[in-house]
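Me: Could you zoom in on one part of this model for me and walk through how it sits against its surroundings? I'd like one connected story.

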Amino acid sequence: MKNFVVKTIANAGALAVAVWLLDKITLTGDSTGKKIGTLLLVALIFGVVNFLVKPIVKLLSLPLLILTLGLFTLVVNALMLLLTSWFADKLDLSFHVEGFWTAVLGGLIISIVSWALNVVLPDGD
């Protein structure tokens, strides 16, 4: 359980960095508390999407992953971010990613920041 909480916090931090760096990834809210709550909920959605959908997409795109020596993973990460944005919209959360190329860059930022935060933050093991 502790590992799940740490990963969710790392995802929320990575999403916050992407929102801060990219103008086309937006997070709106009345107060800082509401924005933090929205970020945590979006991080939960992002974690569930990455846990359930991403392995299936990676398996189906395995030939492209091999052909591009793994670079197609950037496209898969972008699709997961766009799917998270779509779910957030359906759940009436104020998080939106505008466009595929923004999602590619956002996915790259989120991957790097999330990796760095997971190195720094303690895990449950």
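Reply: Let's take the H2 region, starting where H2 meets H5: Val 42, Ile 45, Phe 46, Val 49 and Asn 50 in H2 touch Met 80, Leu 81, Leu 83, Thr 84, Phe 87 and Ala 88 in H5. Sorted by class, that contact has nine nonpolar and two polar residues, with no charged ones. Bear in mind that this is a predicted model.

Now the geometry. H2 covers residues 32-52 and H5 covers 72-90; their axes come within 9 Å and cross at roughly 130°. An angle over 115 but not over 145 counts as oblique, so H2 is oblique to H5. The crossing of H2 past H5 is right-handed.

H2 also packs on H1, with the axes 8 Å apart and an angle of about 110°. That falls in the 65 to 115 window, so H1 and H2 are roughly perpendicular to each other. Their crossing is right-handed. On the H1 side, the contact comes from Phe 4, Thr 8, Asn 11, Ala 12, Leu 15 and Ala 16; on the H2 side, it comes from Leu 39, Leu 40, Val 42, Ala 43, Leu 44, Phe 46 and Gly 47. The count here is ten nonpolar, three polar and no charged residues. Val 42 and Phe 46 thus turn up in the contact with H1 and in the contact with H5.

That brings us to the largest pocket, with a volume of about 420 Å³. Its lining has 20 residues, and Lys 7, Asn 11, Phe 46, Gly 47 and Asn 50 lie nearest its centre. H2 gives the most to the lining, with seven residues, while H1 (2-21), H2, H5 and H6 (100-120) each supply at least two. By class, the lining has eight nonpolar, ten polar and two charged residues.

H6 is worth a look too, since the remaining piece is its packing on H1. Those two pack at about 140°, with axes 8 Å apart, which makes H1 oblique to H6. H1 passes H6 in a right-handed crossing. Lys 7 and Asn 11 are among the H1 residues in that contact, and Gly 106, Ile 109 and Val 113 are among their H6 counterparts. The H1 and H6 contact has ten nonpolar, five polar and one charged residues.

Key: Residues are numbered from 1 along each chain as its sequence is written. This is a predicted model: local features need pLDDT of at least 70, side-chain atom pairs count only at pLDDT 80 or more; totals for chains, interfaces and linings use all residues. Side-chain values use heavy atoms; hydrogens and water are left out. Axes are lines fitted to C-alpha atoms, for helices over the stretch in contact, and angles run from 0 to 180 degrees between N-to-C directions. Helices (H or I, at least four residues) and strands (E, at least two) are DSSP runs, numbered from the N terminus. Angles under 35 degrees count as roughly parallel, over 145 as roughly antiparallel, 65 to 115 as roughly perpendicular and the rest as oblique. A crossing is left-handed if the near helix is turned anticlockwise from the far one by less than a right angle, and right-handed if clockwise. Contact means heavy atoms within 4.5 Å. Ala, Val, Leu, Ile, Met, Phe, Trp, Tyr, Cys and Pro count as nonpolar, Asp, Glu, Lys and Arg as charged, and the others, Gly among them, as polar. On a 1 Å grid over the protein atoms alone, a cavity is a set of points where a 1.4 Å probe fits but cannot get out, and a pocket is an open set with protein on both sides within 12 Å along at least five of seven lines; lining residues have an atom within 4 Å of a point. Grid points are joined across faces, edges and corners, and a volume is the space filled by probe spheres set on the points.
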